[in-house]
Amino acid sequence: MSFKNLQLIEPILRALSKEGYDTPTPIQQQAIPLVLQQRDLLGCAQTGTGKTAAFTIPVLQLMYAKLLAERDSKPPHPSRRIQTLILTPTRELAIQIGESIASYGFYLPFRHKVIFGGVSQHNQVQAIRNGVDILVATPGRLLDLMQQRIISLADIKFFILDEADRMLDMGFVHDVKRIISHLPAKRQTLFFSATMPTEIKQLAAVLLTNPAKVEVTPPSSTVDIIQQSVYFIDKQRKQDLLKKILQDDAIKSLLVFTQMKHAADKLAKILNAAGIRTEAIHGNKSQNARQNALQNFKTRTTRVLVATDIAARGIDIDELSHVLNYELPNVPETYVHRIGRTGRAGASGIAISFCDHSEREFLNDIQKLIKKKIPVSQTPVDMEISEVNTLSKPVLVKGQPSIKRNFQTAGNRPSGSFNRRRQTGMHFNSGNRQR
Ligand code: AMP
């Protein structure tokens, strides 16, 4: 199947070809025809599946058809009005959506603007006053500008709610509901969420009219293409293991996840002190600092980016081969979101996790969600789990596969630095400590 089979107009096909895309991803194959039929859509898909193009491309095409129809029947409108609103939880994601609109709409005459909080509103207000067709926004700044009567949603024809479950996680649901109450009733709505907890289903039911449903790569299957492994390691030895792993030159870039902001900063300091160029991004950093850190990572000026979940949400880095969970998340879906930073759009990727005693239950929850056991990498002998810390009798998890190599790159290159193997299985048992 090629994009040509999706009845797309020439300016969009040309833009896609300029981007180097020829084959639509599964969500694009399913969603584009439905949106072009002007159906409301409920999409269960996460970042990395190509969902941004799945909603942007058909909406651009519908907007263009409308523009041509109105040009023939009505006199030109004196000023541009916002017809399409894309609501997304984070600034990074908003910026990326803006970049997608610029790419796919390159040969179309629409103007778009991305707005988010944490920066001056001046430039955003100016752009809106000059006229915008498509607005990409995070909820807080949008509400703020609506309250100041700078933005009106009265002319919205297309509304896209992106990453609805993350809106819920980040406490934005109330804001989202307020925004929704200002939308005209007659509109086409596209609703995307990686997971569908009850509250999200309820929100979708309120927002959508007779929606078509598309579901691709639900969390359990998204991770199949990613080579995953877990090291059982004492908390205090994690930094040494990470440094050892980074001795492998094949790891050009590594995205590392920590749970807390201060842990991200601390780890970045430790790695820099060890001569490994590292930056940290998290919610306490300014928007500029986050963008710079991201840019340095993308251009490989820094080798390691340490991120917390919220800051990393929507990070889109082509060819990111390695992700490492320095700490396991206590919400299993977050694991899927994290490792989904690699293995994008069908590419393979490697996800390594460190698991200490206190995280054992998190690992169990993750394995339940993804419906498979994550292969155990043998911890280097000098970093084995200390027996003192083992809370009860050692156990081998039944059915737990063990990978004989310790760490491999995408090219299956064995790492020379991990030659000493433990002969035994995993001597580790879960504790009940909670984060
Ligand atoms: P998304 O899920 O929207 O975050 O997209 C994930 C990545 O896949 C982005 O880097 C897109 O540029 C890329 N992508 C989306 N659709 C395609 C496609 N049909 N062919 C190749 N790459 C794509």
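The following exchange asks how terms applied to this predicted model are justified.

Me: What makes the pair between Tyr21 and the ligand a polar contact?
Reply: An N or O atom in the Tyr21 side chain is 2.4 Å from an oxygen atom of the ligand. A polar contact needs a pair of N or O atoms within 3.5 Å, so the pair qualifies.

Me: Why is the pair between Thr23 and the ligand called a polar contact?
Reply: Here a backbone N or O atom of Thr23 lies 2.9 Å from a ligand nitrogen atom. The limit is 3.5 Å, and therefore this pair counts.

Me: What makes the Thr52 pair a polar contact?
Reply: The Thr52 side chain places an N or O atom 2.6 Å from an oxygen atom of the ligand. That value is within 3.5 Å, so the pair is a polar contact. As for cover, the ligand has 500 Å² of accessible area on its own, and the protein covers 83% of it.

Me: Which residues of the shell are closest to the ligand?
Reply: Tyr21, Gln28, Gly48, Gly50 and Thr52 are the closest of the 15 residues that surround the ligand.

Me: How do you know which class Gly48 and Gly50 belong to?
Reply: Both are glycines among the closest residues, and Gly counts as polar, so Gly48 and Gly50 are polar. The shell as a whole divides into eight polar, four nonpolar and three charged residues.

Me: Which domains supply the shell?
Reply: Domain 1 (3-215) and domain 2 (226-423) each contribute at least three residues.

Me: What makes a residue of the chain count as buried?
Reply: Its relative accessible area must be under 20%. Of the 435 residues in the protein chain, 55% count as buried.

Definitions and conventions:
Residues are numbered from 1 along each chain as its sequence is written. This is a predicted model: local features need pLDDT of at least 70, side-chain atom pairs count only at pLDDT 80 or more; totals for chains, interfaces and linings use all residues. Side-chain values use heavy atoms; hydrogens and water are left out. A residue is near a molecule or strand if one of its heavy atoms lies within 4 Å of it. A polar contact is a pair of N or O atoms within 3.5 Å; within protein, one must be able to donate a hydrogen and the other to accept it, and residues adjacent in sequence count only if both atoms are side-chain atoms. Accessible areas come from the Shrake-Rupley method with a 1.4 Å probe; for residues, only the protein chains shown count as cover. Domain bounds come from an automatic or database domain assignment. Buried means under 20% relative accessible area, exposed over 50%, partly exposed in between (1.4 Å probe, protein chains only).
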